[in-house]
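User: I would like to learn how to read a protein model feature by feature, with the general idea stated before each case. Could we go through one together?

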Amino acid sequence: MAAESLSPRLPVTDRTRHRRLREQGSLDRAELEAILDAGFVCHLGVVAEGRPLVVPTVYGRDERQLYLHGSVASRSLAGGTPVCVTVTHVDGLVLARSVFEHGVNYRSAVVHGTARKVTDPEEKLAGLRLLSEHAAPGQWSYARRPNRRELAATTLLALSLEEASVKIRTGAPDDGDGPDAELGLWAGVLPLTSAWGTPVTDPALPPNTPVPGHIARREGTRHG
């Protein structure tokens, strides 16, 4: 029996309620998915041995879950504990007429829940495939798959996408109609973009080894 799809509207909980800058908040699950799909590095927050710990790690997803990858030795990937995962994209600096009104155009998602350590071999392999294809589409089919020893050394966490918070800011500074508009100072947005560069071949490879098409095609394309 197939699992039910998550609601297209994000639920409002005590952890996801927008208390500040509510106009930047979104309850649209499609916005959450777009933010997750635009990146591949997240920050995982967890309490480990009584202390807060935030670590960067790569991720992948399906319609219902986020998958997070790490080493079996990592204290942050024990599973069974409450965590939060954040993904943020900076789209530009908002440079206003006063320093107080400066800001950032951004897209941000925070996912809350209890992380589950994936132990089923089939789900673990499927989750790692999602993670690999999320960061480098086509690479799972091109490269050698993980062997039994490598799988044993790898921890995979699953986190439900049910409970999440989204905030997005776009546009110009907010002081264009205030007293500081009379100062005659320049104000606006300094956009920030990121793009994939030219693939750099491993010098250990034989000369003239071609770059695979699924990698070469990403050169010059925008990331994020």
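User: Is Leu 192 buried, partly exposed or exposed, and what is its relative accessible area?

Analyst: Please keep in mind throughout that this is a predicted model. The general idea is that a residue counts as buried under 20% relative accessible area and as exposed over 50%, with partly exposed in between. Leu 192 has a relative accessible area of 45%, and it is therefore partly exposed. As for its setting, Leu 192 lies in the loop between strand S10 (188-191) and strand S11 (194-195).

User: Which residues form a nonpolar patch on the surface with Leu 192?

Analyst: The patch consists of Val 90, Leu 93, Val 104, Leu 190 and Leu 192, and together these residues have about 400 Å² of accessible area.

User: Before we go on with single residues, how many helices and strands does the chain have, and what does its C-alpha trace span along the principal axes?

Analyst: The chain has 5 helices and 12 strands, and its C-alpha trace spans about 65 × 50 × 40 Å along the principal axes. Of its 224 residues, 33% count as buried, while the accessible surface comes to about 13,700 Å², with 56% of that belonging to carbon and sulfur atoms. Among the contacts in the chain with a separation of 6 or more, 72% are between residues 24 or more positions apart.

User: Where is Leu 161 found, and which residues is it in contact with once its neighbours within four places in sequence are left aside?

Analyst: Here the general idea is to ask what surrounds a loop residue as well as where it sits in the chain. Leu 161 is found in the loop between strand S8 (154-160) and strand S9 (163-169), and it counts as buried because its relative accessibility is 2%. With the neighbours within four places left aside, the residues in contact with Leu 161 include Leu 6, Arg 29, Leu 32, Leu 36, Leu 66 and Val 111, and the list also takes in Arg 61, Asp 62, Glu 63, Arg 64 and Gln 65. For separation in sequence and in space, one may take Leu 161 and Gly 103, which are 58 residues apart in sequence and 28 Å apart from C-alpha to C-alpha.

User: What does the side chain of His 214 make a polar contact with?

Analyst: The partner is the side chain of Gln 139, at 2.6 Å. His 214 has its place in helix H5 (residues 213-216), and with a relative accessible area of 14% it is buried. Outside its neighbours within four places in sequence, His 214 is in contact with Pro 137, Gly 138, Gln 139 and Tyr 142, so that Gln 139 appears both in this list and as the polar partner.

User: How many salt bridges does a search of the whole structure find, and how should I read one of them?

Analyst: The search finds 8 salt bridges, and the general idea is to look at the distance first and then at where each partner lies. In one of them the side chains of Arg 15 and Glu 163 meet, at 2.6 Å from N to O. Because Arg 15 lies in the segment before strand S1 (25-26) and Glu 163 in strand S9, this pair ties together parts that are 148 residues apart in sequence. Arg 15 is partly exposed, with a relative accessible area of 44%, whereas Glu 163 is buried at 15%.

User: Which residue forms a salt bridge with Glu 150, and which with Arg 169?

Analyst: Glu 150 forms a salt bridge with Arg 144, the closest N and O atoms being 2.8 Å apart; Glu 150 counts as partly exposed at 23% relative accessibility, and Arg 144 as exposed at 60%. Arg 169 pairs with Asp 174, with the closest N and O atoms 3.4 Å apart; Arg 169 counts as buried at 10% relative accessibility, whereas Asp 174 is exposed, with a relative accessible area of 55%.

User: Finally, how many disulfides does the search find, and why is there no bond between Cys 42 and Cys 84?

Analyst: In general, a disulfide is a covalent bond between the sulfur atoms of two cysteines. The search of the whole structure finds 0 disulfides. The cysteine sulfur closest to that of Cys 42 is in Cys 84, and because the two are 10 Å apart, they are too far from each other for a bond. Cys 42 counts as buried, at 0% relative accessibility, while Cys 84 counts as partly exposed, at 27%.

Note on methods
Residues are numbered from 1 along each chain as its sequence is written. This is a predicted model: local features need pLDDT of at least 70, side-chain atom pairs count only at pLDDT 80 or more; totals for chains, interfaces and linings use all residues. Side-chain values use heavy atoms; hydrogens and water are left out. Patches are made of residues with over 30% relative accessible area and no salt bridge: like charges are joined within 9 Å, nonpolar side chains (Val, Leu, Ile, Met, Phe, Trp, Tyr) within 5 Å. Accessible areas come from the Shrake-Rupley method with a 1.4 Å probe; for residues, only the protein chains shown count as cover. A salt bridge is a side-chain nitrogen of Lys or Arg within 4 Å of a carboxyl oxygen of Asp or Glu. Helices (H or I, at least four residues) and strands (E, at least two) are DSSP runs, numbered from the N terminus. Buried means under 20% relative accessible area, exposed over 50%, partly exposed in between (1.4 Å probe, protein chains only). A polar contact is a pair of N or O atoms within 3.5 Å; within protein, one must be able to donate a hydrogen and the other to accept it, and residues adjacent in sequence count only if both atoms are side-chain atoms. Contact means heavy atoms within 4.5 Å. A disulfide is a pair of cysteine sulfur atoms within 2.5 Å.
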